[in-house]
Every structure is written in C-alpha cells, then in structure tokens.
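Hi,

Here is the structure I said I would pass on to you. Have a look at it first, and then read my notes underneath.

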Amino acid sequence: MIGDQNKIIVSPKQPYFVMATSRYYKAVVMDYGISHFYSFNNDVIGNSVIAVPDGCIDMLFCCDDKQPYANICGTVLQPRVVNNKRSYFFGIRFMPGLSFNFKHVAMSDFVENEIPFLEVIKDTELFDKITTSRDFNYQIQEFLKMYIPLYQQSQAEDKNSDLKQFLLKKITATAGQIKVSELAETAGYSVRTINKVFSREFGLPPKIFCKLIRFQHLLSNLNNFDKNIFDANLAQLSIELGYYDQSHMIRDFYELTNTTPGKYVHSLKEIEYNKRLIVI
C-alpha cells in the first residue's frame, strides 16, 4: 500500500541538500528532540543548497578554513536557496516543532530566518571544535556534550511540555490530517488556546504546521517510489494523505517545491539519489 509510510514518524527531509552533494551522510537519532545529524560537501557544480518547508529548526555549521560560520535556521515556507558556498557542512535537524528553548529568542523569530549560532548560543569553544573538524562522529559527540544538559534543563523548565508533546503526537499520527478544532477538543482546550500555544511554542499557526507535516509525508512517500510514477499512484496517494483530490496535492507540492511530483521523482532517479544518501 502506497500510504503505509504515513503511519509512522517521518524523519524530515531536505532532498535538495542531498542533490547538492556527491555524498550526504546522515546519522538518525529520533530522540532528545533531534531527528538526525548530517554532513556533506557542497560539491555538485550547478546545484545550490535549496531548503523546502519542514517545520524544523536546523543548526548548520560551515566548516570553511578561512570563513567558518554557523546559523540556527528556521523553517522556510516556500523553497529557498540557502547556500551556494563550496565547503564542508555539518548540521543538526531537530524534529518538527522541537528544540530546546532559546533564551531571548522566540520560535517565530526563526521562521524564514537564519540567526548566527553565536548570537543565540554563546559557546565559542563548541563553534571552534565543530568548524575546525571534518570528523562527523567527533562533531556529533561534541555537540551532544553541550546539547543534552541544556535540553534536559529546558524540558524541566517547560510548563507546556506535556501539551506540546500531545499536540505533536496527534499531528504526527494523522500525518497532518487533523483540524485545529479536533486538536482543541482532544486536548481539552479552546481553539484560541491551541492557536496561542502554537504561535508561542512553534512559531507557526497550527493549520500551517499541519500542512508542512503532510507535505513531508508526501515527500517521504515519493522518495520511496521505485517504479515509474503514474496518475493512479498519485490519485491513491492524494486520498491517503487527505488532499481533496490529485490536483490539490499537485498544487500544494508545486507551491512548496517549485516542481511537480512526477518531475521530482524523475530527478531522484536521474541523479541516483539513494546512492548519494548514506545513512550511518
């Protein structure tokens, strides 16, 4: 069944990051609010690093010998070129809607924005350790040494942690196919309260957040097609993911990627996407 993928937690995808490199290394975590770590060299001529909407926070370190930098990047709401620099990158992608609470910075400040890492997390030692290394495992371990104590402290101080986790589980379990009124009813809060919680904690209205989660499930399904894509496949998939019809799904996909599902699947095969993606 095509839609089996939408029954599980989907690790958020940025497929054009993979397309911009000959080797994209991914270490899956799915714990502590982290989806995965990744690293790559932006070495494919003509391919920029393009971000698509995912509802996530990324920390991206450019490990350039002369001009290293690091940014905390919020979700985009439309596809956007985020980097053209030819260098080695190390990144952390958090689960949609999750990260530790940043002091003095609201989650909404990150949406469609990049804020320098050292402006938010004033840890020059970690910055230097990560940006001067090309050892993926070392970078992961050094980041976790800093991150886990901060994450645990953040969780202990977060009075809305249980409600946030409940809302995220509901949205994930339905692949984004849930109305705000249903979220409010199942959580035992008013629609107004749910909207306020989302704006404060996730930086996005719940309707937009659900749209991005459904889009990520669509991406995951398309990435798993191993045969030529046909209208029958798309029609079935559109029903399973809760779109009004196939045309609605295609319009949404185009809005968030600037391409169609058929062309997207063709590009995955053309560049041998699965050979570039190395999960460790």
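Strands S1 and S9 run parallel to each other and are joined by 3 bridges. This is a predicted model, by the way, so please read everything below in that light. One of the contacts between these two strands involves Lys26, whose bridge partner in S9 is Val279. Lys26 also has a partner in S2, where it stands opposite Tyr38.

The pairing of S1 with S2 goes the other way. S1 covers residues 24-31 and S2 covers residues 34-41, and the two are antiparallel, with 6 bridges between them. At the end of S1, Asp31 sits opposite Ile34 of S2. The hairpin leaves 2 residues between the strands, and Tyr32 has a positive phi there, near 55 degrees.

Now zoom out to the whole sheet. What is the order of its strands? The sheet is open and has 7 strands, which follow one another as S8-S5-S4-S7-S2-S1-S9, with mixed pairing. S8 (114-116) and S9 (277-279) are the edge strands, each with a pairing on one side only. From one strand to the next, the twist averages 20 degrees.

Two helices to look for against the sheet are H3 and H4. H3 packs on it and touches S4, S5 and S7 (88-94), and the direction of H3 makes about 60 degrees with that of S4. H4 lies across S1, S2, S4 and S7, and runs at about 140 degrees to S2.

These two helices are also where I would look for charged pairs. Side chains of opposite charge can pair when their charged atoms come close. The model has 10 salt bridges in total. Within H3, Glu125 and Lys129 form one of them, at 3.3 Å from N to O. These two residues are 4 apart in the helix, about one turn. As a rule, an α-helix has 3.6 residues a turn, so residues three or four places apart point the same way.

Lys129 has a second partner in Glu142, with 3.2 Å between N and O. Glu142 belongs to H4 and Lys129 to H3, so this salt bridge ties together parts that are 13 residues apart in sequence. Are the two ends buried or exposed? Glu142 is buried, at a relative accessible area of 9%, while Lys129 is partly exposed at 27%. Taken together, Glu125, Lys129, Glu142 and Lys145 make up a network of salt bridges.

Another salt bridge worth finding is the one between Asp65 and Arg134, at 3.2 Å from N to O. It links distant parts of the chain: Asp65 is in the loop between S4 (58-62) and S5 (69-73), and Arg134 is in the loop between H3 (124-131) and H4 (136-157), 69 residues apart. Asp65 is exposed, with a relative accessible area of 71%, and Arg134 is partly exposed, at 40%.

Next, go to H11, which spans residues 261-270. Which of its residues are buried? They are Pro261, Tyr264, Val265, Ser267 and Leu268. These residues cover an arc of only 160 degrees around the axis, which means that they are on the same side of H11. On the other side of the helix, Lys263 and Glu270 are exposed. Just after H11 comes Glu272, with a positive phi of about 55 degrees.

Last, a word on confidence. The protein chain has an average pLDDT of 90, and 95% of the residues score at least 70. Among the helices and strands, where is confidence lowest and where is it highest? The lowest mean, 85, belongs to H9 (residues 231-240), and the highest, 98, to H3. For residues 1-8, the pLDDT is below 50, and this stretch has 23 contacts in the model beyond near neighbours in sequence. Where pLDDT is low, the predicted coordinates should not be read in detail.

Over to you now, and send me any questions.

Cheers

Key
Residues are numbered from 1 along each chain as its sequence is written. This is a predicted model: local features need pLDDT of at least 70, side-chain atom pairs count only at pLDDT 80 or more; totals for chains, interfaces and linings use all residues. Side-chain values use heavy atoms; hydrogens and water are left out. Buried means under 20% relative accessible area, exposed over 50%, partly exposed in between (1.4 Å probe, protein chains only). The arc is that of the directions from the helix axis to the C-beta atoms. A salt bridge is a side-chain nitrogen of Lys or Arg within 4 Å of a carboxyl oxygen of Asp or Glu. Two strands pair if DSSP finds at least two bridges between them. Axes are lines fitted to C-alpha atoms, for helices over the stretch in contact, and angles run from 0 to 180 degrees between N-to-C directions. Contact means heavy atoms within 4.5 Å. pLDDT is the predictor's confidence in each residue, from 0 to 100.
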